[in-house]
Amino acid sequence: MESAAMDTSSDEPDVTEAENIGPILDRLKRVEGQVRGVQKMIVSGADCEAILTQVMAARAALGRTAAQIVMANLEKCFDAQSPAEARRKVVRTVQLLSRST
């Protein structure tokens with residue numbers, strides 16, 4: 001029963017692997033900077049179009065971060081021990097993506 005609980009966690013993207021942490025954190029830090037910039041723009045009374053442009057840029061950057069996380073998960077799928085296991089992981093990833101749109 002415990003192994004089943006452990007299996008469900010393997011469905012999630014493994015962003016904690018060393019090769020994935022740095023690039024993902026770098027992207028998130030850039031997004032954080034963009035969001036802070038948007039906050040400052042709002043406080044200073046910047047033009048609505050300029051603010052929306054920056055909001056859309058931050059949103060796009062989050063989308064690219066999500067894609068990077070998905071890629072890390074899909075790489076694990078191809079390393080799965082069986083085609084059935086790989087298919088299950090790919091289906092789970094698609095389900096996660098469809099929830100986010």
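## A four-helix predicted model

Let's begin with confidence: this is a predicted model, and its mean pLDDT is 80, with 76% of the residues at 70 or more. That confidence isn't spread evenly. Helix α2 comes out highest, with a mean of 92, while helix α1, covering residues 2-9, sits lowest at a mean of 39. Residues 1-11 have a pLDDT below 50, and beyond near neighbours in sequence this stretch makes ten contacts in the model. Where pLDDT is low, the predicted coordinates should not be read in detail.

Now for the overall layout. The protein has four helices and zero strands, so reading from the N terminus you simply pass through α-α-α-α. Of the 101 residues, 21% are buried. The protein exposes about 7300 Å², and carbon and sulfur atoms supply 61% of that area. What about contacts between parts of the chain that are apart in sequence? Among contacts with a separation of 6 or more, 62% join residues 24 or more positions apart.

### Where α2 and α3 come into contact

T65 is a good residue to pick out on screen. It lies in helix α3, which spans residues 48-78. Is T65 buried or exposed? T65 is buried, because its relative accessibility is 3% and the cut-off for buried is under 20%. Setting aside neighbours within four places in sequence, T65 touches I24, R27 and L28.

Move along to A66, also in helix α3, and the picture changes. A66 has a relative accessible area of 34%, so it counts as partly exposed. A66 and I24 are 42 residues apart in sequence, yet their C-alpha atoms are 9.0 Å apart in space.

### A nonpolar patch on the surface

Which residues make the nonpolar surface patch? They are I21, L25, L28 and L62, and together they form a patch of about 310 Å². Helix α2, residues 18-44, gives the most to this patch, with three residues. L25 is found in helix α2 and is partly exposed, with a relative accessible area of 41%. L28 has two roles here: it belongs to the patch, and it is also one of the contacts of buried T65.

### Two salt bridges

Side chains of opposite charge can pair when their charged atoms come close. How many salt bridges does the model have? The count comes to two, and here they are side by side.

| Pair | N to O distance | Helix | Sequence spacing |
|---|---|---|---|
| R36 and E32 | 2.9 Å | α2 | four residues |
| R88 and E85 | 2.6 Å | α4 (residues 83-100) | three residues |

Each pair sits within one helix: R36 and E32 are about one turn of α2 apart, and R88 and E85 are about one turn of α4 apart. As for how open these side chains are, E32 is partly exposed at 40% relative accessibility. Over in α4, R88 is partly exposed at 33%, and its partner E85 is partly exposed at 27%. Why does E85 not count as buried? Its 27% relative accessible area is not under 20%, so E85 falls into the partly exposed class.

### Back on screen

If you're just getting to know this model, T65 in α3 and its contacts I24, R27 and L28 make a handy place to start. From L28 you can move on to the other members of the patch, I21, L25 and L62. Helix α1 is the part with the lowest confidence.

Note on methods: Residues are numbered from 1 along each chain as its sequence is written. Side-chain values use heavy atoms; hydrogens and water are left out. Helices (H or I, at least four residues) and strands (E, at least two) are DSSP runs, numbered from the N terminus. Buried means under 20% relative accessible area, exposed over 50%, partly exposed in between (1.4 Å probe, protein chains only). Contact means heavy atoms within 4.5 Å. Accessible areas come from the Shrake-Rupley method with a 1.4 Å probe; for residues, only the protein chains shown count as cover. Patches are made of residues with over 30% relative accessible area and no salt bridge: like charges are joined within 9 Å, nonpolar side chains (Val, Leu, Ile, Met, Phe, Trp, Tyr) within 5 Å. A salt bridge is a side-chain nitrogen of Lys or Arg within 4 Å of a carboxyl oxygen of Asp or Glu. pLDDT is the predictor's confidence in each residue, from 0 to 100.
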